[in-house]
Amino acid sequence: MVRPFSLLIPPRGIVHLRHPLPSLAFPSSIARSPRRARARAIVTMSSGRGKVVCVTGASGYIASWIVKFLLQRGYTVRASVRDPADPAKTAHLRSLDGAAEQLHLFKANLLEEGSFDAGVEGCDGVFHTASPFYHAVTDPQAELLEPAVKGTLNVLASCKKFSIKRIIVTSSMAAVAYNDKERTPDTVVDETWWSIPEVCEQNKQWYVLSKTLAEQTAWKFAQENALEILTINPAMVIGPLLQPTLNTSSAAILNLINGASTYPNFSMGWVNVQDVAMAHILAFELPSASGRYCLVERVAHYSELVKIIHELYPALKLPEKCADDNPFPPTYQVSKLKFRSLGREYIPLETSLKETIESLKEKNFVSF
Ligand SMILES: NC(=O)c1ccc[n+]([C@@H]2O[C@H](COP(=O)([O-])OP(=O)(O)OC[C@H]3O[C@@H](n4cnc5c(N)ncnc54)[C@H](OP(=O)(O)O)[C@@H]3O)[C@@H](O)[C@H]2O)c1
């Protein structure tokens with residue numbers, strides 16, 4: 001007998017217990033059994049019904065995926081953008097399934113006090129994602145540090161004003177892994193690690209500093225004002241783009257496939273944007289979730305990325321040498337325990353690279 005949908009909708013948080021390997025939390029390629037797929041569809045469609053949430057910086061790369069998944073799960077989404085009249089920032093959001101009924105755009109700027117009040121008032125939860133992410137800055141204080149830190153305080157002040165129950169803050173591995181600790185392939189970085197502002201400042205890593213200070217500020221404000229925040233700390237995020245513009249982390253892959261002769265001499269963590277977006281939502285939905293969530297599928301040197309891309313696209317011209325002759329920085333591990341506690345397994349780096357490249361082609365950033 002087919003039970004009506006409403007009887008199958010578990011109360012918030014119970015989802016995880018009823019489906020110990022919840023297919024909702026896996027990429028669709030992994031959810032192969034029809035029973036799991038059906039359960040996934042039901043839970044996915046229903047877990048946000050009747051709830052209102054706010055997403056800041058909604059037009060961005062990661063936030064667009066968060067909005068897409070929230071709409072799929074039935075949430076009503078209040079989405080902040082700096083310019084609601086700019087189709088380059090909003091058309092891809094307005095065309096998402098469910099957007100016509102469930103998506104409400106509002107104008108807000110991180111630097112304007114009270115800017116988020118109208119969007120946050122009456123929400124069940126807030127996803128604070130907005131923050132500038134780029135490296136070529138002339139005035140780090142004005143371009144990166146102020147919007148990151150003051151913006152976080154502005155959003156959290158609105159959350160305090162309207163007694164928001166749970167706030168998910170998009171932080172970064174930038175706030176975790178940049179310190180003076182030695183890293184080797186045996187080192188396991190986890191959520192207890194913190195970047196050290198002085199180290200970031202010394203190395204002129206202004207974006208890294210902005211994320212470190214913003215997260216420190218968020219935890220301090222939350223503690224002082226009895227707010228419940230959780231942070232999501234992804235490394236370099238790749239995977240399909242929803243927005244029509246090129247974001248910084250997708251550009252890192254584009255720069256490998258657009259005819260460059262060298263690759264950078266860096267080892268970084270990599271993670272798929274769909275895992276990142278779902279981690280935000282699961283961290284919001286699961287009552288047991290708390291604290292920080294490092295998100296890294298694999299730490300890999302750029303030379304390793306080039307090797308994988310060569311295997312995926314043997315005819316593609318790729319950089320053949322490293323940008324300098326220095327030894328490669330060592331890779332390290334990042335604990336996957338917290339991410340797995342959300343009931344999800346990572347999409348492999350190989351898949352993420354393929355999805356990124358296909359998406360860059362589809363959006364005409366590259367052609368081959
Ligand atoms: N992508 C990654 O690899 C990665 C990794 C770890 C953490 N993160 C974090 O994830 C978040 C989103 O990054 P993303 O990669 O999705 O970057 P993105 O596509 O550049 O999105 C950044 C968003 O922040 C908004 N924003 C910037 N300055 C603002 C201001 N003054 N007022 C209001 N909104 C402002 C932007 O709005 P406009 O569209 O109006 O410019 C945009 O929507 C950031 O907090 C970033 O630090 C990203």
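This section describes the overall build, the ligand shell and the salt bridges of a predicted model.

The protein chain contains 15 helices and 14 strands. Of its 368 residues, 54% are buried. The accessible surface of the chain is about 16,700 Å². Carbon and sulfur atoms contribute 54% of that surface. Contacts were also examined by sequence separation. Among contacts in the chain with a separation of 6 or more, 77% join residues 24 or more positions apart.

The ligand was considered next. A shell of 26 residues lies around the ligand. Tyr61, Arg82, Thr129, Tyr207 and Lys211 come nearest. By class, the shell holds 12 nonpolar, 11 polar and three charged residues. Three serines make polar contacts with the ligand through the atoms described here. Ser59 places a polar side-chain atom 2.9 Å from a ligand oxygen. Ser131 contributes a polar backbone atom, 3.2 Å from an oxygen atom of the ligand. Ser249 uses a polar side-chain atom, which lies 2.9 Å from a ligand nitrogen. On its own, the ligand has 890 Å² of accessible area, and the protein covers 90% of that area. Helix 4 (61–72), helix 10 and strand 8 (236–238) are the elements that give two or more residues to the shell.

Salt bridges were then assigned. Side chains of opposite charge can pair when their charged atoms come close. With a cut-off of 4 Å between a side-chain nitrogen of Lys or Arg and a carboxyl oxygen of Asp or Glu, the count comes to 11 salt bridges. Among them are the pairs described below.

Glu215 and Arg292 meet through their side chains, with an N to O distance of 2.7 Å. Glu215 belongs to helix 10, whereas Arg292 belongs to strand 11 (residues 291–295), so this salt bridge ties together parts 77 residues apart in sequence. Both partners are buried. Glu215 has a relative accessibility of 1%, and Arg292 has 7%. Each value falls under 20%, and therefore each residue is classed as buried.

Glu228 pairs with Arg166, and their closest N and O atoms are 3.0 Å apart. This pair also links distant parts of the chain. Glu228 sits in the loop between helix 10 (206–224) and strand 7 (229–234). Arg166 sits in strand 5 (residues 166–170), and 62 residues separate the two. The partners fall into separate accessibility classes. Arg166 is buried, at 4% relative accessible area. Glu228 is partly exposed, at 33%.

Arg298 forms a salt bridge with Glu350, the closest N and O atoms lying 2.9 Å apart. Arg298 is in strand 12 (residues 298–301), and Glu350 is in helix 15 (residues 349–362). The two residues are 52 residues apart, and the pair links distant parts of the chain. Arg298 is partly exposed, with 26% relative accessibility. Glu350 is likewise partly exposed, with a relative accessible area of 31%. Both values lie between 20% and 50%, so neither residue counts as buried or exposed. The pairing extends to a further residue. Glu297, Arg298 and Glu350 are linked in a network of salt bridges.

Helix 10 thus appears in two parts of this account. The helix gives two or more residues to the ligand shell. Helix 10 also carries Glu215, the partner of Arg292 in strand 11.

Terms used
Residues are numbered from 1 along each chain as its sequence is written. This is a predicted model: local features need pLDDT of at least 70, side-chain atom pairs count only at pLDDT 80 or more; totals for chains, interfaces and linings use all residues. Side-chain values use heavy atoms; hydrogens and water are left out. Helices (H or I, at least four residues) and strands (E, at least two) are DSSP runs, numbered from the N terminus. Buried means under 20% relative accessible area, exposed over 50%, partly exposed in between (1.4 Å probe, protein chains only). A residue is near a molecule or strand if one of its heavy atoms lies within 4 Å of it. A polar contact is a pair of N or O atoms within 3.5 Å; within protein, one must be able to donate a hydrogen and the other to accept it, and residues adjacent in sequence count only if both atoms are side-chain atoms. Accessible areas come from the Shrake-Rupley method with a 1.4 Å probe; for residues, only the protein chains shown count as cover. Ala, Val, Leu, Ile, Met, Phe, Trp, Tyr, Cys and Pro count as nonpolar, Asp, Glu, Lys and Arg as charged, and the others, Gly among them, as polar. Contact means heavy atoms within 4.5 Å.
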